[in-house]
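Thanks, everyone, for making the time. I would like to walk through the aromatic residues in this one, so please keep the sequence and the structure in view while I talk.

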Amino acid sequence: MTGPMAEHGGGGPGAAAGAVFNGGWPWAGYAFLVGYFRRSKIESVVLAPVGLAIGVVAYYMTKGNLASLGGMDSSGAGSSGIALWGVLAFLFGAPLGLLGNLARVPGIGGLFFRLLIPVVAFYETSMRLEMESRGPSQVVLGTWTTVRFTAVAVAVALVSHTVWGWWRPRRGRPAGVGAD
């Protein structure tokens, strides 16, 4: 919903926000965070796809309303877009919700899961940069580059935090303590 509204607003900031919110990684991030903030794995698996499906309907309704106002292209704003992305919301939402819940595991055990969204963001924007580098505006290309940089920075921060949390208690032990 934010993507079409931002694009409709126009200008550089609108184009940048539209590029971010029309990508797949923010949707994946939403489902992941739903799972992360739920204590129950069952709630994570159920609520993430339901939230994504509601988001899909809201996105296409907003896109359709803006198109009817003459402010944007209406291609893909029909029921086929809702049906396709609604099905994908349920197919991918449940696993992403579960992975978000598993990311709650402290330390190295949950690190792989916590790295999922930065890796997805980096990969998706890299593919967009490679495939569409001639078409989009410089603002969109700059936005994708910024997302890639931020994804790497977040991944480095997650790994550093996990390693620091694992290593710090071990360095304070006296020699021979904990050794078999």
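How many aromatic pairs does a search of the whole structure find? This is a predicted model, and the search of the whole structure finds four such pairs. Let me take two of them in turn, bearing in mind how a pair is put into numbers: a pair of aromatic rings is described by the distance of the centres and the angle of the planes.

In the pair of Trp-27 and Tyr-59, the ring centres are 6.0 Å apart and the planes stand at 80°, so this pair is edge-to-face. Because Trp-27 sits in helix H3, residues 25–36, while Tyr-59 sits in helix H4, residues 41–68, the pair ties together parts that are 32 residues apart in sequence. As for exposure, Trp-27 is partly exposed at a relative accessible area of 26%, whereas Tyr-59, at 12% relative accessibility, counts as buried. These two residues also belong to an aromatic cluster, which is formed by Trp-27, Tyr-59 and Tyr-60.

The next pair is Tyr-36 with Phe-37, where the centres lie 5.3 Å apart and the planes are at 90°, so this pair, too, is edge-to-face. Here Tyr-36 is partly exposed, with a relative accessible area of 29%, and Phe-37 is exposed, with 58%.

Finally, a word on Phe-149, which is found in helix H8, residues 138–171, and which is exposed at a relative accessible area of 61%. Phe-149 is 27 residues from Phe-122 in sequence, and from C-alpha to C-alpha the two are 7.9 Å apart in space.

Key
Residues are numbered from 1 along each chain as its sequence is written. This is a predicted model: local features need pLDDT of at least 70, side-chain atom pairs count only at pLDDT 80 or more; totals for chains, interfaces and linings use all residues. Side-chain values use heavy atoms; hydrogens and water are left out. Helices (H or I, at least four residues) and strands (E, at least two) are DSSP runs, numbered from the N terminus. Buried means under 20% relative accessible area, exposed over 50%, partly exposed in between (1.4 Å probe, protein chains only). Rings of Phe, Tyr and Trp (its six-membered ring) pair if their centres lie within 6.5 Å; planes under 30 degrees apart count as stacked, over 60 as edge-to-face and the rest as tilted.
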